Amino acid sequence: MLLTVDVGNSQIHGGVFTGDTLALQFRKTTQPIGSSDELGVFLRSVLRENDLDPARVERVAICSVVPPVAYPLRAACVKYFNCEPFILQAGVKTGLKIRYRNPAEVGADRVACAIGAAQRQPGKNLLVVDCGTATTVEVITQTGDYLGGAIMPGVGISSEILASRTAKLPRVEIARPENALGRSTAESIQSGLYHGHVGAIRNLTSALVVECFNGERPHVIGTGGFTRMFEAEELFDEIVPELVLFGLKHAEQLNQEPGK
């Protein structure tokens, strides 16, 4: 079995593959980070609670955008799964041609999503919209070139900033409002968060289609924790919440040592 772990700023999203099948997904909050023992015990216990034997885990693949997690998570893999994990980082094989000015700057989660998209829709021009802590848009050409994309604050961050940086605006539930017109402060915030984000995604994707694909519409994949909230807006051709895990799985396969 392959254990995949995507460490994000807000959540750790994990999955277990048996062959090509994603047999299990799980999530936990990233903070507090915890020690290697705490992480190892959590990973083993979540497998056991879902009727998977931790002893069957032969390989572990990790991508992370939270540097302090790297050491304890690696140590947990060595101690509790008896294997050195594969870490998606600059210099490893991705199957993509990274066209960023400085490829080392691209977040591992963004690369994993791009890998997953290219594997899912080979030979197509692609946009990947990941609605998580940050909302990112990735551009991948049909020839496997990763061109870059865009990053903006996610819905959750935007809500937190409004509540923390203003004197009278409250925290509100992040949800799709029934109407664009808010008739209360909470409804007005929800409308701004939701419709503002929809407009931003539409504008970004439209601009990237013109700049990168000469106006020819690419295949658009949505992923990330908030993506389902925008499903009715027809922003995406498909929604694949576990895209980063599949991309991480493929990257780990590309980088396996010959004979293993």
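**Exercise 1. Locate R110, decide whether R110 is buried or exposed, and list its contacts.**

Solution.
Step 1. R110 lies in helix 3. Helices (H or I, at least four residues) and strands (E, at least two) are DSSP runs, numbered from the N terminus. The model is predicted: local features need pLDDT of at least 70, side-chain atom pairs count only at pLDDT 80 or more, and totals for chains, interfaces and linings use all residues. Residues are numbered from 1 along each chain as its sequence is written, and side-chain values use heavy atoms, with hydrogens and water left out.
Step 2. The terms are set by relative accessible area: buried means under 20%, exposed over 50%, and partly exposed in between (1.4 Å probe, protein chains only). R110 has a relative accessible area of 6%, so R110 is buried.
Step 3. Contact means heavy atoms within 4.5 Å. Not counting residues up to four places away in sequence, R110 touches Y100, T136, V137, E138, Y146, G148, G149, A150 and I151.
Step 4. A polar contact is a pair of N or O atoms within 3.5 Å; within protein, one must be able to donate a hydrogen and the other to accept it, and residues adjacent in sequence count only if both atoms are side-chain atoms. The side chains of R110 and Y146 make such a contact, at 3.3 Å.

**Exercise 2. Do the same for T141.**

Solution.
Step 1. T141 sits in the loop between strand 8 (134-140) and strand 9 (145-153).
Step 2. T141 counts as buried because its relative accessible area is 15%.
Step 3. The side chain of T141 makes a polar contact with the side chain of T143, at 2.9 Å.
Step 4. With residues up to four places away in sequence left out, T141 touches K124, N125, L147 and F213.

**Exercise 3. Describe the largest nonpolar core and say which helix gives the most to this core.**

Solution.
Step 1. A nonpolar core is a set of buried Ala, Val, Leu, Ile, Met, Phe, Trp, Tyr and Cys residues joined through side-chain atoms within 4.5 Å. In soluble globular proteins, nonpolar side chains tend to be buried together.
Step 2. The largest core holds 27 residues, and C63, L88, L96, I140 and L243 touch the most other members.
Step 3. At least two residues of this core come from each of strand 4 (59-64), helix 3 (108-120), strand 7 (126-131) and helix 6 (243-254). Helix 3 gives the most, with eight residues.
Step 4. Take C63 as an example: apart from residues up to four places away in sequence, C63 touches V5, D6, V7, L88, A108, D109, A112, V244 and L248.
Step 5. There is also a second, separate core of 25 residues, which includes L24, L43, L52 and L73.

**Exercise 4. How are helix 3 and helix 6 placed relative to each other?**

Solution.
Step 1. Two packed helices are described by the angle between their axes and the distance between the axes. Axes are lines fitted to C-alpha atoms, for helices over the stretch in contact, and angles run from 0 to 180 degrees between N-to-C directions.
Step 2. The axes of helix 3 and helix 6 come within 7 Å and cross at roughly 85°.
Step 3. Angles under 35 degrees count as roughly parallel, over 145 as roughly antiparallel, 65 to 115 as roughly perpendicular and the rest as oblique. Helix 3 and helix 6 are therefore roughly perpendicular to each other.
Step 4. Among the residues that meet are D109, A112 and C113 in helix 3, and L243, V244 and G247 in helix 6.

**Exercise 5. Examine the backbone at P32, D51 and N214.**

Solution.
Step 1. Most residues other than glycine have a negative phi, and most peptide bonds are trans.
Step 2. The peptide bond from Q31 to P32 is cis, with omega near -5°. P32 is in the loop between strand 3 (21-29) and helix 1.
Step 3. D51 has a positive phi, near 60°. D51 belongs to the loop between helix 1 and strand 4, and is exposed because its relative accessible area is 73%.
Step 4. N214 also has a positive phi, near 55°. N214 falls in the loop between helix 5 (185-213) and strand 10, and its relative accessible area of 75% makes N214 exposed.
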